[in-house]
Amino acid sequence: NIRMRERAIKQGLKLNEYGLFDANEKRLAGTEEEEIFEKLGLPHIPPVLREDWGEIEAAAAGNLPNIVHPEDIRGDLHMHTTWSDGKYSAEEMVEASRKRGYKYIALTDHSKSLGVAGGLSDKDLMKHTEECRALDAKYPDIRVLAGTEVDIRQDGTLDYSDELLAKLDFVVASLHSGFKQDRATLTARVVRAMQNPYVRVIGHPTGRLLGDRDPYDLDLDEVMKEAARTRTCLEVNSNFHRLDLNDVHCRKAREMGVHVIISTDSHSYDDMLNLPYGVATAQRGWIEKDSVLNAKPVEEMLAFKPK
Ligand SMILES: [Zn+2]
Ligand SMILES: [Zn+2]
């Protein structure tokens, strides 16, 4: 708003809450904002982009981002079921996702070292995968991807062997422990996980819980550099206690050429409704549709990171 007023002054005009006026106090545009943008020689800037992050300069140069919208999201790639700590069965989550019109989903239950969350043993992971394949065959209108949210252990190794991960369609890797480690150790854990060819995305990358836990001490520059290099995505977790990445991180991801995945990390049907919070966070970070992996068709999405 201040920038808009400055722009008006430079053009010899005056902008206030009553409208846009010329030097003779003649009103050029009223309270309709589209009209004001037009008179100032700008395309309409959507409200989510009005953060004084250079949006007026971008608009004047015709470079406003083609930001992602909720209807662009084709699938949810981070969901839990009764296999671990989710409230509903795999089939119930598939049906709920079909109702939402998703083209694909990944069922990503917890891995074995997360005992508190009912993490799956190696053997159960294979049974889980079999169930995902059976559901995929049963519902031709939605692609059901067999996945996991594999723990990045405190020593930086993953909680399942590469041999097991290779049998899955979609792997999220997350930190759930060792948050007090120093910056170099935490960063090295995440970087090592991204170097694994099966890991497609880092879940809730900074670990913050709003009002409860600060983000852990991660070198995000280093993480994003490696994410771009290995074509590993970073998650925008839509849970309103997380919103992790946040909007500032999203802006950085955009600048560093990192793709994001906007997920709900659903443990119940209600959680699925959080998607718009994640999308709004990405929008405030100027994330474009092209940089959101789960806005792409399934084959393109799966081909993004080379194995
Ligand atoms: Zn998690
Ligand atoms: Zn999760």
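## The seven-stranded sheet

In what order do the seven strands of the open sheet with parallel pairing follow one another? In this predicted model, the order is S4-S5-S6-S7-S8-S9-S10. At the edges of this sheet sit S4 and S10, each of which pairs on one side only. From one strand to its neighbour, the turn averages 30°, direction ignored.

If you would like to look at one pairing in detail, try strand S5 (residues 104–110) and S6, which are joined in the parallel sense over seven bridges. Within that pairing, aspartate 109 has threonine 148 in S6 as its bridge partner. Helix H5 (residues 122–138) packs on the sheet here and touches S5 and S6, with a direction at about 160° to that of S6. Another helix, H11 (residues 275–284), lies across strand S9 (233–237) and S10 and runs at about 150° to S10.

## The smaller sheet

Now for the open sheet of three strands, where the order is S1-S2-S3 and the pairing is antiparallel. Its edge strands are S1 (14–16) and S3 (27–29), and each pairs on one side only. Neighbouring strands in this sheet are turned by 35° against each other on average, direction ignored.

Strand S2 (residues 19–21) is joined to S3 by two bridges, and the two strands run antiparallel. One residue pair to find on screen is phenylalanine 21 with its bridge partner in S3, arginine 27. Helix H1 (residues 2–10) packs on this sheet, where it touches S1 and S2; the direction of H1 makes about 155° with that of S1.

## Two zinc ions and a shared glutamate

Which residue coordinates both zinc ions? That residue is glutamate 149, and the zinc ion (ligand 1) and the zinc ion (ligand 2) are 3.4 Å apart.

Start with the zinc ion (ligand 1). The protein donors here are Glu149 (OE), His176 (NE2) and His204 (NE2), at 2.1 to 2.2 Å from the ion. Along the sequence, these donor residues are spaced E-x26-H-x27-H. Glutamate 149 belongs to strand S6 (residues 143–151), while histidine 204 is in the loop between strand S8 (199–202) and helix H8 (220–230); the pair is 55 residues apart and links distant parts of the chain. Glutamate 149 counts as buried because its relative accessibility is 1%. Histidine 204 is also buried, with a relative accessible area of 2%.

## The second zinc site

Around the zinc ion (ligand 2), the coordinating residues are His78 (NE2), His80 (NE2), Glu149 (OE) and Asp265 (OD), at 2.1 to 2.2 Å. Their spacing along the chain is H-x1-H-x68-E-x115-D. Two of these donors link distant parts of the chain: histidine 80, in the loop between strand S4 (75–79) and helix H4 (90–99), and aspartate 265, in the loop between strand S10 (260–263) and helix H10 (269–272), lie 185 residues apart. Both histidine 80 and aspartate 265 are buried.

Why is the arrangement of the four donor atoms around the zinc ion (ligand 2) irregular? The angles they subtend run from 79 to 166°. A tetrahedral arrangement would need all angles between 85 and 135 degrees, so this range does not fit.

## Aromatic pairs

Across the whole structure, a search finds three aromatic pairs. One of them is formed by tyrosine 88 and tyrosine 269, whose ring centres are 3.7 Å apart and whose planes meet at 5°, so the pair is stacked. Tyrosine 88 comes from the loop between S4 and H4 and tyrosine 269 from helix H10, so far along the chain that 181 residues separate them. Tyrosine 88 is partly exposed because its relative accessibility is 21%, and tyrosine 269 is partly exposed at 31%.

Another pair brings together phenylalanine 240 and tyrosine 277. Here the ring centres are 5.7 Å apart and the planes are at 80°, so the pair is edge-to-face. Phenylalanine 240 lies in the loop between S9 and helix H9 (247–255) and tyrosine 277 in helix H11, so this pair ties together parts 37 residues apart in sequence. Phenylalanine 240 is partly exposed, with a relative accessible area of 42%, and tyrosine 277 is partly exposed with 44%.

Definitions and conventions:
Residues numbered from 1 in each chain as written. Chains lettered and ligands numbered in written order. Predicted model: local features only at pLDDT ≥ 70, side-chain atom pairs only at ≥ 80, totals over all residues. Heavy atoms only, no water. Pairing = 2+ DSSP bridges. Helix = DSSP H or I, 4+ residues; strand = E, 2+ residues; numbered from the N terminus. Axes fitted to C-alpha atoms, helices over the stretch in contact; angles between N-to-C directions. Contact = heavy atoms within 4.5 Å. Donors = N, O, S within 2.8 Å, 3.2 Å for Na, K, Ca; no water. Buried < 20%, exposed > 50% of the residue type's maximum accessible area, 1.4 Å probe, protein only. Tetrahedral: all angles 85-135°; square planar, octahedral: opposite > 155°, others 65-115°. Phe/Tyr/Trp six-rings, centres within 6.5 Å; stacked < 30°, edge-to-face > 60°.
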